[in-house]
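Biologist: Please show the sequence together with the structure, and then let us go through the helix packing and the charged pairs one by one.

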Amino acid sequence: MQKEIVMFLSTTPYSSENTHTFFKIADAALRKGQKVRLVASDDGVFSIVKGQVPKSLSALEDLVGRGLKVDI
């Protein structure tokens with residue numbers, strides 16, 4: 001059974017580099033064939049809302065298209 005990488009994002013999109021870091025780690029893991037899941041909670045939900053962070057929604061859509069699972 002393949003293990004799944006689960007990342008929890010709960011910080012606002014503008015308070016730190018967490019959102020950007022998540023996208024980079026998820027991209028690298030998916031390229032290696034890993035299963036990846038994002039759990040967005042609290043202010044982390046704003047990181048994946050249209051218009052909040054430049055290019056974040058399109059980056060998320062790309063990752064979902066490559067296998068990322070998202071839980072809100």
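Biologist: What covers the buried residues of helix 1?

Modeller: This is a predicted model, in which local features need pLDDT of at least 70 and side-chain atom pairs count only at pLDDT 80 or more, whereas totals for chains, interfaces and linings use all residues. Residues are numbered from 1 along each chain as its sequence is written, and side-chain values use heavy atoms, with hydrogens and water left out. Helices (H or I, at least four residues) and strands (E, at least two) are DSSP runs numbered from the N terminus, and contact means heavy atoms within 4.5 Å. On that basis, the cover over the buried residues of helix 1 includes strand 1, strand 2 and helix 2 (56-65).

Biologist: Which residues of helix 1 are buried, and which are exposed on the other side?

Modeller: Buried means under 20% relative accessible area, exposed over 50%, and partly exposed in between (1.4 Å probe, protein chains only). The buried residues of helix 1 are T19, F22, F23, A26, A29 and L30. Because they cover an arc of only 140° around the axis, taken from the directions from the helix axis to the C-beta atoms, they lie on the same side of helix 1. On the other side, the exposed residues are K24 and R31.

Biologist: Which residue forms a salt bridge with R31?

Modeller: A salt bridge is a side-chain nitrogen of Lys or Arg within 4 Å of a carboxyl oxygen of Asp or Glu. The partner of R31 sits four residues away in helix 1 (residues 18-31), a separation of about one helical turn. While R31 is exposed at 64% relative accessibility, its partner is partly exposed at 21%. The closest N and O atoms are 3.0 Å apart, and the partner is D27.

Biologist: Which residues are linked with D27 and R31 in a network of salt bridges?

Modeller: The pair D27 and R31 belongs to a network of salt bridges. The other residues linked in that network are D62 and R66.

Biologist: How far apart in sequence are the parts that E4 and R37 tie together?

Modeller: E4 and R37 form a salt bridge, with the closest N and O atoms 3.4 Å apart. E4 lies in strand 1 (residues 4-9) and R37 in strand 2 (residues 35-40), so the pair ties together parts separated in sequence by 33 residues.

Biologist: With which residue of strand 3 does R37 pair?

Modeller: R37, partly exposed at 23% relative accessibility, also meets a side chain in a salt bridge at 3.0 Å, N to O. The partner lies in strand 3 (residues 69-71), so the pair ties together parts that are 34 residues apart in sequence, and that partner is D71.
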